[in-house]
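Trainee: I would like to learn how aromatic pairs, surface patches and disulfides are read from a set of coordinates. Could we work through one example together?

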Amino acid sequence: MTALTVLSAEAPSLVQSVDWLAIAPVVITAAVGLVVLVADLFLTERHKPVLGWISVAGLAAATATLLPLRAGDRATFCLTGDPAACSYVADHFTLVIQFLVLAGALVTALVSVTAVHDTRMPAGEYWFLLLSSASGAALLPASRDLATLIVALEVASLPAFALVGMRRGDRLSSEAALKFFLSSVTATAVSLMGVSFVYAATGSLHLTQVADRLEDVPGQLDTLAIAGVVLTLVGFAFKTAAVPFHFWVPDTYVGAPLPIAGYLSVIGKAVGFTGLILVTVIAFPAYSDVWGPALAVLAALTMTLGNAAALRQSPDRPNSAVRLLAWSSVGQAGYLLVPIAAAAYSGRDQIGSTVAYALMYAAVNLGAFAVAALVARTKPLHRISDYRGLYAERPLAALSLGFFLLCLAGLPPGIIGLFAKVTVFRSAVDAGLGWLAVVMAINVVIALYYYLRWTALLFRTPEGAQTRTRAPWPVAAAIVVTAITALVVSAAPELILRVTSGSLFAQ
């Protein structure tokens, strides 16, 4: 009995306690999704709109639970033999990205309330899928092992395929969903192969342990480890719409409901960049000489091709407004890749530049899509020319869209856009990537043309009679929230710098 007592006292406990507060943002989002799915079975068609407001309330509650986590020092689901190796970590990086994801999903939900009713999409399915995708996107920045990372990526992605194809009977919607699904599944399969190679070379899936063991990989496993690193990055590069994994973007955005196109342009990209950051600067720093130059080249190609394609959009072509925003998002993805590439040369603190740029981009791009959803109520062809004279019809919407476009271009009064671009530019210079900084400067100038052309169109004399309809208040609220956010951070850009400066990761 004495020996057994001694053994039981020395043996580590396999029973873990769960930090429910740390995982609350993810759990609340997923739980509300299940509530909506079940409630849909019992509500009559007349009462289905209440599901949208339950979803909005759930996302607001999930966002609010980030406040008690501000210290950024929580972790759970850790190995009993190595408490530093955890599967879920709520550090500052996690909290900032979760705020971006949940607040972005909340804006998407506000725009969707009217869209679901007007287009007669199945409410229960729509809200369940949106909340499920948001829960996966919120889980991903906290994931600190490769298995959880891939699961979170798929939980965020799989519902998005169905959301893109939600407009039943629409050929463009079905085609977009199929392209998105096939290309994404292929990229995920490649990433899973990469993860298996990394596991074979290191014997671990936890990012911190992978990083330690990649520092001293046996010579015979070095090629396998390099192949694993490269293949793992493919799936996340696809989510970021980096060239040459960008081909799904324009058709998917055109075929998807406008709120979902906005969601993919912001939350979908946040998922990709978050995963890319975690696997590069935390798991694979030992192979920075492999992924650093690769990401630098991808950044240059992505921003150049995205801006060149946006420049070619004809104002009178159907869906040209959505296509321009789609190609613009590809170009913006190139800027977001620059600090990640720079981190390979000058340390992980460069990641703060990507996070700062992502916060700016999220607010203004969601705002632009919210205005597009408002204009589409009377002009469903989504042409850039449809915005001619918008100021005469909807002054506040025109001023908001003009401000959003100037932010994306990096021009005053959109100071936050200029601030974000300078921050990214500086990260490239500090890392010794002068050639990439030059490419970025050229692309910023190219982008000025199509952003300013669209902005000028808003204030030109309208052609023909203007159709005046009352803006649905949820869409108006989404525009106002994003516009106020962009104005506040333009007036005080140091707010974002304060959030993203220093070390974002748990030490």
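Trainee: Is W454 buried or exposed?

Mentor: Keep in mind that this is a predicted model. A residue counts as buried when its relative accessible area is under 20%, and W454, at 2% relative accessibility, is therefore buried. Y387 is buried as well, with a relative accessibility of 3%.

Trainee: How many aromatic pairs does the structure hold, and what is the geometry of the pair that Y387 and W454 form?

Mentor: There are 12 aromatic pairs in the structure. For any one of them, the angle between the ring planes gives the class, and over 60 degrees it is edge-to-face. Y387 and W454 have their ring centres 5.2 Å apart and their planes at 80°, an edge-to-face arrangement. Since Y387 sits in the loop between α14 (351–375) and α15 (390–393), while W454 belongs to helix α18 (residues 434–458), the pair ties together parts that are 67 residues apart in sequence.

Trainee: Which class does the pair of Y391 and F459 fall into, and where do the two residues lie?

Mentor: Planes that are neither under 30 nor over 60 degrees apart count as tilted. The planes of Y391 and F459 stand at 45°, with 5.5 Å between the ring centres, so this pair is tilted. Y391 is in helix α15 and F459 in the loop between α18 and α19 (473–491), so that this pair, too, links distant parts of the chain, 68 residues apart. As for accessibility, Y391 is partly exposed at 40%, and F459 is also partly exposed, at 41%.

Trainee: Which residues form one aromatic cluster?

Mentor: One such cluster is formed by F161, F180, F181, F238 and W248.

Trainee: Turning to the surface, which residues make the nonpolar patch of about 540 Å²?

Mentor: That nonpolar surface patch is made by L34, L37, V38, L41 and F42. Of these residues, L34 can be placed in helix α2 (residues 20–40).

Trainee: How many disulfides does a search of the whole structure find, and why is the one of C78 and C86 called right-handed?

Mentor: The search finds 1 disulfide, which joins C78 to C86 with an S to S distance of 1.9 Å. Its handedness is read from the torsion about the S-S bond, which is about 95° here, so the disulfide is right-handed. C78 is buried, with a relative accessible area of 18%, and C86 is buried at 6%.

Trainee: What is the relative accessible area of C407?

Mentor: C407 has a relative accessible area of 0%, and therefore counts as buried.

Technical notes: Residues are numbered from 1 along each chain as its sequence is written. This is a predicted model: local features need pLDDT of at least 70, side-chain atom pairs count only at pLDDT 80 or more; totals for chains, interfaces and linings use all residues. Side-chain values use heavy atoms; hydrogens and water are left out. Rings of Phe, Tyr and Trp (its six-membered ring) pair if their centres lie within 6.5 Å; planes under 30 degrees apart count as stacked, over 60 as edge-to-face and the rest as tilted. Helices (H or I, at least four residues) and strands (E, at least two) are DSSP runs, numbered from the N terminus. Buried means under 20% relative accessible area, exposed over 50%, partly exposed in between (1.4 Å probe, protein chains only). Patches are made of residues with over 30% relative accessible area and no salt bridge: like charges are joined within 9 Å, nonpolar side chains (Val, Leu, Ile, Met, Phe, Trp, Tyr) within 5 Å. Accessible areas come from the Shrake-Rupley method with a 1.4 Å probe; for residues, only the protein chains shown count as cover. A salt bridge is a side-chain nitrogen of Lys or Arg within 4 Å of a carboxyl oxygen of Asp or Glu. A disulfide is a pair of cysteine sulfur atoms within 2.5 Å.
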